[in-house]
There are 2 protein chains.
Amino acid sequence: MVFSHEIAPGQRVNIDALSLRLGVSQTPIREALARLESDGLIAKEPLKGYSATNLLTLKEFGDLFRFRLLIEPWAAEQAAKHIDAHGKAALKEEMQIAKEALKFDDNSKIEALTEHDARFHSLIAELSGNESLHQAFERMHCHLHLFRLFLANQRNLVSGEDRPAFVSELFEQYYQSGSGQLAIKQHNEIYKAITSGDAKAAKLAMHEHIESSLKRFSPAAEAINDL
Amino acid sequence: MVFSHEIAPGQRVNIDALSLRLGVSQTPIREALARLESDGLIAKEPLKGYSATNLLTLKEFGDLFRFRLLIEPWAAEQAAKHIDAHGKAALKEEMQIAKEALKFDDNSKIEALTEHDARFHSLIAELSGNESLHQAFERMHCHLHLFRLFLANQRNLVSGEDRPAFVSELFEQYYQSGSGQLAIKQHNEIYKAITSGDAKAAKLAMHEHIESSLKRFSPAAEAINDL
DNA sequence: TATGCTTCAATCCTATAGGATTTTCTCATT
DNA sequence: AATGAGAAAATCCTATAGGATTGAAGCATA
């Protein structure tokens, strides 16, 4: 419900209402909220209640990408060093899904590519073989994922002239057929480097991909920060 | 209770018993366990119950240190770049505590230095200015902290001849007055580099400190893994 | 008209009880 | 003596009810 913005960023979460809505009692609701709090998706104020956390601020957005630039190129490098048949198959399958997704229509394509991107980076974190890195990545990545789902949601909700310029720009530059396959091309570079065991190339390709990503999303992050 | 080994690694956690023991009902117990599960300190098996997670395996131990080698030198580097008066004061105070702790007797010294080490590294992660890194560090570090508290506990519990060799060796090498101040010396190197704004030196000093730490603790990690 | 106090509603927080599942113990059979 | 089935105990899981705290509305007074 947080990811689908059924519970919007900043919105308060009523335990009683959720309990009725989902047809379960309050105890399992409270457990779930406690877990989400650990993930940073829900904030708790004692004696006041729970509420969904706000979207990333501009600083948090920058911190997240600088952290990604620190750990993900290394993860790709390690993945290239340790890659095996099982890992190759998993990567190949994920790339196949991405290629199929490019044939979808706009809305479906955006949704499919967003999900693909999350799985692709998560997979490489896993293939790094370092459990600490993998866990750290997963915990961090859900915030970025939420950020992008928010953008996709904005594109669907706000139609025509009311739609903020940065939203239209972002999606036309990124997801449309022209340069829209850019991310997939970059993923493919990373994929080839890892499966061929070229650690150095994998590291470099990941670094460039994340920097490219940062440049694309920065205007959106700034616009959201000013809201 | 997990940190103090009142709940030992691997031991099952009975909700009813905890509820009686702490004088509260089951609901707040369940919430706390849900949070600890997110931290990886407690594991849940549905319809079976909760139990404290086991100590780090040898692989997890290695993963954790390789991850530290990736993020902490960078954190020290960033801290040196962004250091301000407030940060300098905090670091200075922490180093002062460490120097005082060296005067304590054996048991108190070990306890104090373990706590100091946790705070020192955490502080630098914070001073890096990167919130993503700081959070990732905190989540990971509690496992290492638990690992070392376990060692300190072993030293207290197992007396004389029954004490495993690696436990005695570790503490004599590390905490005793001879080379025991090694970690503090290394901390001091890092401290000086950061406060003087020498980013390169801070990064290097942190890297060497963690590698040194890894060498000291590896025998213990292997021995525990074989238990 | 603005400020402060009181009262009421909403919501969180906790406690207790009952149903469901798992585990363990006992007993009978091979 | 060992194995399998059945029953009982332990434990988890959920639901409901009541106490405690917070926030807002209403009223009186300066």
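Begin by selecting DNA strand C in this predicted model, together with the 15 residues around the strand, of which Ile15(A), Gly49(A), Val24(B), Ser25(B) and Pro28(B) come nearest. Colour next by element: two or more residues of this surface are given by each of helix 1 (15-22) and strand 3 (49-52) of chain A, and by helix 2 (26-38) of chain B. Helix 2 of chain B supplies the largest share, with three residues. By residue type, the surface near DNA strand C divides into seven nonpolar, six polar and two charged residues.

Now hide the DNA and show chain A alone, where nine helices and three strands can be traced, in the order β-α-α-β-β-α-α-α-α-α-α-α from the N terminus on. Turned along its principal axes, the C-alpha trace of chain A spans about 55 × 45 × 30 Å. The radius of gyration of chain A is 19 Å, which agrees with the value near 17 Å that a compact globule of 227 residues would have. Of contacts in chain A between residues at least 6 apart in sequence, 67% join residues at least 24 apart, and buried residues make up 30% of the chain.

For the interior, bring back both chains and select Ile194(A) and Ile194(B), the residues that touch the most other members of the largest nonpolar core, a set of 82 residues. Centring on Ile194(B), and leaving aside residues up to four places away in sequence, look for its contacts with Ala76(B), Ala79(B), Ala80(B), Ile83(B), Leu91(B) and Ala202(B). Finish at a second, separate core of ten residues, among them Tyr50(A), Leu33(B), Ala34(B) and Leu36(B).

Notes:
Residues numbered from 1 in each chain as written. Chains lettered and ligands numbered in written order. Predicted model: local features only at pLDDT ≥ 70, side-chain atom pairs only at ≥ 80, totals over all residues. Helix = DSSP H or I, 4+ residues; strand = E, 2+ residues; numbered from the N terminus. Rg over C-alpha atoms; globule rule 2.2 N^0.38 Å. Buried ≥ 20, exposed ≤ 12 C-beta atoms within 10 Å, placed from the backbone. Contact = placed C-beta atoms within 7 Å. Core = buried A, V, L, I, M, F, W, Y, C linked by C-beta atoms within 7 Å. Near = placed C-beta within 6 Å. Nonpolar A, V, L, I, M, F, W, Y, C, P; charged D, E, K, R; others polar.
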